[in-house]
Amino acid sequence: MSDTSITLETISEVRPGADAHIRANRLPVMTGSDEADLNCGGCGQAIATGTSPAAFHQKIQTDQRLVVECTCGALNVVPTA
Ligand SMILES: [Zn+2]
């Protein structure tokens, strides 16, 4: 169990070409050793465990807004640090 649990902000739709859109086929999409979990703003499941927003961005390497579609269909924005 990590120290910090972050519930991600959800949006209603992806901006084609302007967002980096990741579809989660299973959860969590990322695991790490940070003291943070990122939880879906829709269903509360862990999108990423042991992963800070900054670490998530570092792995995906995008300048676009990072949107993770949960298995529940919610579109979660991973904030920039
Ligand atoms: Zn969800």
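Within the hairpin formed by β7 and β8, where five residues lie between the strands, Gly73 adopts a positive phi near 100°; strands here are DSSP runs of E of at least two residues, numbered from the N terminus. The model is a predicted one, in which local features require pLDDT of at least 70 and side-chain atom pairs count only at pLDDT 80 or more, whereas totals for chains, interfaces and linings use all residues. Residue numbers run from 1 along each chain as its sequence is written.

Strand β7 (residues 65-69) pairs with β8 in the antiparallel sense over four bridges, pairing being assigned if DSSP finds at least two bridges between two strands, and Leu66 stands opposite Val78 in β8. Strand β8 (residues 75-78) also pairs with β2 (residues 9-11), again antiparallel, over three bridges, with Thr10 opposite Asn76.

A four-stranded open sheet follows the order β1-β5-β6-β4 with mixed pairing; its edge strands, each pairing on one side only, are β1 (4-7) and β4 (30-31). Antiparallel pairing over two bridges joins β5 (residues 36-39) to β6 (residues 46-49), and Ala46 in β6 is the bridge partner of Asn39.

The largest nonpolar core (buried Ala, Val, Leu, Ile, Met, Phe, Trp, Tyr and Cys residues joined through C-beta atoms within 7 Å, a buried residue having 20 or more other C-beta atoms within 10 Å of its own, with C-beta atoms placed from the backbone) contains 14 residues, of which Leu38, Ile47, Ala48 and Val68 touch the most other members. At least two residues of this core are supplied by each of β6, β7 and β8.

How values were computed
Buried ≥ 20, exposed ≤ 12 C-beta atoms within 10 Å, placed from the backbone.
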